[in-house]
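Colleague: Please take a close look at one loop for me, and then walk me outward from there. Keep it plain, since I am new to this.

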Amino acid sequence: MNGDLPGTQGGVVFKEVTKTYPDGTNAVDRLDLEIRSGGLVSLIGPSGCGKTTTLKMINRLEDPTSGRITVEGEDILRCDPVELRRRIGYVVQEIALFPHMTVSENIAVVPSLLGWPAKKIRSRVDELLAMAGLPPEKYRFRLPDQLSGGQKQRIGVLRALASDPKVILMDEPFGALDPISREVLQNELVSLQKNLKKTIVFVTHDMGEAIRISDRIVILRKGRVEQEGSAEDIQYSPKNDFVRSFIGEDRLSRMSPDDPAESIVEEPWGTAAPWEGAAGVLERMEENDREFIQVVDPKSGQWLGMALLGRLRRAASAGETVMKGIYRERKLYAGNATLRDAAEMLADRDISIPVVGEDERFVGVITSGALARLAVERLRSGREEGKQS
Amino acid sequence: MMEQRPLWDLFITYVGRNYMRILNLTGEHIMISLIAVGITVMVCVPLGIYLTRNEKAAPYVIGLANVFQTIPSLALLGFLIFVFGIGNDNAVCALFLYAMLPVIQNTYTGIRSVPRSYVQAARGMGMTDFQILLKVQLPLARPVLVAGIRVAMVWTIGTATLASAIGGGGLGRLIFSGLSSIRNEIILAGAIPATLLALFADWILKRAQDYFNPSARAVRLAARHGAADDTD
């Protein structure tokens, strides 16, 4: 399995890939896409946008009509499809655990296809079960029917991890789950990916899910990339009306006041380092026509406070650093605060709210603009629903 | 003047005198049936699998098997004399033609009823077509497939009694000789073992089915590995 030669590109790369179906429709149309090693990338778009076809071309369940696809630097069209698939993890849409196999047999499908010795398989299965918080002695010989939906799909993910592949493909894996187990599994996937550094390609039609889990989001439409970028890029600088409406319909309109505040967090316009002089910072703020700035330690990423124009002026006339003008009391904690909290705080005083995580790590700010966009989206979708009924 | 003895008395006397012959014929009956069912399974299971991969041929093959099914058994046996002459070969062949339908049909529908998602998942994980068949499709189709074999088995054991009409052996000999000599006890001496045989074969297959049932198997696996038995 030494597929990756030194100096070759890692991850998954599509070059000018087209897939035409026999009826003449282009499911994928001259697609160029680079999925870097170790990233979690979501492919998202309306049905028929070619996201599943794109995914299935990576493990050659579908072959492109033209173009080139490389996985870990290797041209996959030159690989034996069966061998290729054994090197790539695959989690499917329907919970397709084999009902006649026990949990451990399901997890062991690929290792046994690869001919691992029984002992190695057994210890690998136990290791994975323990990792997913399912005690092996309790779950090893269960049948899929004896598991809950969330447990089943957890096993589905473990099955894809079993032979420790570098690349894992997931085709709407959490679509059939209830919202609570879905969120639990999404969080598990994110931490799993942080620990294991797999390249994960995740197909979904749920924008909220894509934003929650992925490093990068690729929005597809009619087989082409409409926009590609981080969750923030896409949310706050949608490239065109299609992306805007796709985000809007799919996410903002479905948010509720009890959703976490960090879901509308954005990058601040700028930050100041604690050792900067108050006068210099003040100048920058006046140039940008701003009334406040976040002070963040550039090395640790720790949030130190927020400097307001009035206090900063006083500090500047005394020749102090920016730290003299800061204000630390007004902030929200990521993971605790809801959109409702943010809205109340903003209604109280219309100044962006800093959001901090564990150890006062700076996450971003919530602006009244972001909240207003959300409110407008809610009103609009509410009215449309009203019209329909 | 013939004295009238009750049938059961005649039957017991007959069995007591001829038990060796009954046992021999039962053995022969089992042989004919097993050979016929064996050939049927060996031919029709692969044929049914082939049909799942060549859907266009399916209606024709199943239709043909259906035609054989509708020909009256005695007529078919008589017709086959021209091909195989008289004897057990002819009987086995006719039984095979009879048993074909349920086995082909159930193999075909059993495999086709395996949800596409399982096949897709198996292929996506790197199974070859043959591995998909062996590890996914056949195990999942097994209940339906075995049901087809059970039907074929019971029919074959029943119909095998007709083999003696064309010079073959088996328990049919007793039934036919009982019929021609108007002695019910001889008919019973042939019919009762044949019925018991059919019931027994069906029961064995059912037991086998239960044994290979996934949940029974999971319990066995757990027990063998000494795991805590808490499959609630």
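Modeller: Start with two words. A helix here is a DSSP run of at least four residues, a strand is a run of at least two, and both are numbered from the N terminus. Keep in mind that this is a predicted model.

Now the loop. It joins helix H8 (179-196) and strand E8 (199-204) of chain A, and it holds A:Lys197. The phi angle of A:Lys197 is near 55 degrees. That is a positive value, and the residue is not a glycine. Most residues other than glycine have a negative phi. Is A:Lys197 buried or exposed? Its relative accessibility is 56%, so it counts as exposed. The cut-off for exposed is over 50%.

A second residue makes a useful pair with it. A:Glu360 has a positive phi of about 60 degrees, and it is not a glycine either. This residue also sits in a loop, between strand E16 (353-356) and strand E17 (362-366) of chain A. Its surroundings come out differently: A:Glu360 has 15% relative accessibility, so it counts as buried. Buried means under 20%.

Step back to chain A as a whole. It has 15 helices and 17 strands. Its C-alpha atoms fill a box of roughly 75 × 55 × 50 Å along the principal axes. Of its 389 residues, 54% count as buried. Take contacts in chain A with a separation of 6 or more. Residues 24 or more positions apart account for 62% of them.

One buried example is A:Thr53. Find it in helix H1 (residues 51-58) of chain A. It has 10% relative accessibility, which means it counts as buried. Set aside its neighbours within four places in sequence. A:Thr53 is then in contact with A:Lys19, A:Tyr21, A:Ala27 and A:Val28.

What about the nonpolar interior? The largest nonpolar core has 43 residues. Those with the most contacts inside it are A:Val12, A:Phe14, A:Ile58, A:Phe98, A:Leu169 and B:Met127. Follow A:Phe14 outward. Leaving out residues up to four places away in sequence, it touches A:Leu31, A:Asp32, A:Leu33, A:Thr54, A:Met57, A:Ile58, A:Arg68 and A:Ile69. There is also a second, separate core of 38 residues, which includes B:Leu51, B:Ala58, B:Leu197 and B:Ala198.

That brings us to chain B. It has nine helices and zero strands. Its C-alpha trace spans about 80 × 50 × 20 Å along the principal axes. A compact globule of 232 residues would have a radius of gyration near 17 Å, but chain B has 22 Å. Buried residues make up 42% of the chain. Among its contacts between residues at least 6 apart in sequence, 72% join residues at least 24 apart.

Look at one pair of helices in chain B. Two packed helices are described by the angle between their axes and the distance between the axes. The axes of helix H6 (residues 129-159) and helix H8 (residues 184-212) of chain B come within 9 Å and cross at roughly 170 degrees. That makes H6(B) roughly antiparallel to H8(B). Which residues of H6(B) and H8(B) meet? On the H6(B) side they include B:Val146, B:Ile149, B:Arg150 and B:Met153. On the H8(B) side they include B:Leu197, B:Ala198, B:Ala201 and B:Leu205. By class, this contact has twelve nonpolar, one polar and four charged residues.

B:Ile204 is also in helix H8 of chain B. Its relative accessible area is 40%, so it is partly exposed. The C-alpha atoms of B:Ile204 and B:Arg150 are separated by 9.4 Å, with their positions 54 residues apart along the chain.

Finish at B:Leu174, in helix H7 (residues 172-180) of chain B. With a relative accessible area of 0%, it is buried. Its C-alpha atom is 5.0 Å from that of B:Gly190, 16 residues apart along the chain. Leaving aside neighbours within four places, its contacts include B:Tyr14, B:Arg21, B:Ile22, B:Leu25 and B:Gly190.

How values were computed:
Residues numbered from 1 in each chain as written. Chains lettered and ligands numbered in written order. Predicted model: local features only at pLDDT ≥ 70, side-chain atom pairs only at ≥ 80, totals over all residues. Heavy atoms only, no water. Axes fitted to C-alpha atoms, helices over the stretch in contact; angles between N-to-C directions. Parallel < 35°, antiparallel > 145°, perpendicular 65-115°, else oblique. Contact = heavy atoms within 4.5 Å. Nonpolar A, V, L, I, M, F, W, Y, C, P; charged D, E, K, R; others polar. Core = buried A, V, L, I, M, F, W, Y, C linked by side-chain atoms within 4.5 Å. Buried < 20%, exposed > 50% of the residue type's maximum accessible area, 1.4 Å probe, protein only. Rg over C-alpha atoms; globule rule 2.2 N^0.38 Å.
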